[in-house]
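Subject: A structure for you to look at

Hello,

Here is the structure I promised to send you. Please open it beside this email and follow along as you read.

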Amino acid sequence: MKNLREVKDDLLKEWIEFREETAFCQMTPQDKKYCIYFDEIAEKILKNVPEQNKKYVQKQLDELDKNFMDYLYYWNEKYYRNGFADGIELLEI
């Protein structure tokens with residue numbers, strides 16, 4: 001049996017991507033309570049930045065947003081993959 005903890009293109013990876021496009025896109029009021037409204041926060045920051053610095057600050061905010069999304073993707077992948085692998089290992093015992 002192949003190592004299920006390795007991240008590569010496989011059925012589990014496709015399932016995680018499917019979940020991102022379906023269930024994770026439908027936010028409940030509880031979900032919205034904990035949502036990070038990055039665009040609104042960035043807009044408020046940029047309103048208080050001198051004009052000569054806006055381009056630089058916008059670039060840094062975009063980078064922060066990208067890094068944060070990469071971070072979330074990594075941890076979701078790790079959480080689901082390891083949970084799935086743990087379940088399969090329990091079944092093999």
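Below is what I found in it, going from the whole chain to single residues.

**The overall picture**

Please keep in mind that this is a predicted model. The chain holds 4 helices and 0 strands, and from the N terminus on its elements run α-α-α-α. Of its 93 residues, 16% count as buried. The chain exposes about 8000 Å², and carbon and sulfur atoms supply 58% of that area. If you look at contacts between residues at least 6 apart in sequence, 70% of them join residues at least 24 apart.

**Helix H4**

A good place to begin is helix H4, which covers residues 54-92. H4 has 39 residues, and from its first C-alpha to its last it reaches 57 Å. That is close to the 57 Å expected at 1.5 Å a residue.

Which residues of H4 are buried? They are Val57, Leu61, Glu77, Arg81, Ala85 and Ile88. The elements that cover these buried residues include helix H1 (11-21) and H3. Both of those helices deserve a visit of their own.

**Helix H1**

In H1, the buried residues are Leu12, Lys13 and Ile16. They lie on the same side of H1, because they cover an arc of only 105° around the axis. Now turn the model around: on the other side of H1, Leu11, Glu14 and Glu21 are exposed. What covers the buried residues of H1 includes H4.

**Helix H3**

You can read helix H3 (38-47) in a similar way. Its buried residues are Phe38, Ala42 and Leu46. These cover an arc of only 65° around the axis, so they sit on the same side of H3. The face turned away from that buried side carries the exposed residues Lys44 and Lys47. For H3, too, the cover over the buried residues includes H4.

**Two salt bridges**

Side chains of opposite charge can pair when their charged atoms come close. How many salt bridges does a search of the whole structure find? It finds 2.

One is in H3, where Glu43 forms a salt bridge with Lys47. The closest N and O atoms of Glu43 and Lys47 are 4.0 Å apart. Both residues lie in H3, 4 residues apart, which is about one turn of the helix. Is Glu43 buried, partly exposed or exposed? Glu43 has a relative accessible area of 47%, so it counts as partly exposed. Lys47 counts as exposed because its relative accessibility is 62%, and the cut-off for exposed is over 50%. You met Lys47 above, on the face of H3 turned away from the buried side.

The other is in H4, where Lys66 forms a salt bridge with Asp70. Here the closest N and O atoms are 3.0 Å apart. Lys66 and Asp70 are also 4 residues apart, about one turn of helix H4. Lys66 is partly exposed, with a relative accessible area of 46%, and Asp70 is partly exposed as well, at 40%.

**A nonpolar patch on the surface**

Last, have a look at the outside of the model. Ile36, Ile41, Ile45, Phe68, Met69, Tyr71, Leu72, Tyr74 and Trp75 form a nonpolar patch on the surface. Together they have about 860 Å² of accessible area. Which elements give two or more residues to this patch? They are helix H3 and helix H4. H4 gives the most, with 6 residues.

Tyr74 is one of the patch residues, and it is found in helix H4. With a relative accessible area of 45%, Tyr74 is partly exposed. The range for partly exposed lies between under 20%, which is buried, and over 50%, which is exposed.

**A route through the model**

If you would like a path to follow, start with the buried residues of H4, including Val57 and Ile88. Then go to the buried side of H1, with Leu12, Lys13 and Ile16, and on to Phe38, Ala42 and Leu46 in H3. After that, find the salt bridge between Lys66 and Asp70, and finish at Tyr74 in the nonpolar patch.

Enjoy exploring, and write back with any questions.

Best wishes

Key
Residues are numbered from 1 along each chain as its sequence is written. This is a predicted model: local features need pLDDT of at least 70, side-chain atom pairs count only at pLDDT 80 or more; totals for chains, interfaces and linings use all residues. Side-chain values use heavy atoms; hydrogens and water are left out. Patches are made of residues with over 30% relative accessible area and no salt bridge: like charges are joined within 9 Å, nonpolar side chains (Val, Leu, Ile, Met, Phe, Trp, Tyr) within 5 Å. Accessible areas come from the Shrake-Rupley method with a 1.4 Å probe; for residues, only the protein chains shown count as cover. A salt bridge is a side-chain nitrogen of Lys or Arg within 4 Å of a carboxyl oxygen of Asp or Glu. Buried means under 20% relative accessible area, exposed over 50%, partly exposed in between (1.4 Å probe, protein chains only). The expected span of a helix is 1.5 Å times one less than its number of residues. Contact means heavy atoms within 4.5 Å. The arc is that of the directions from the helix axis to the C-beta atoms.
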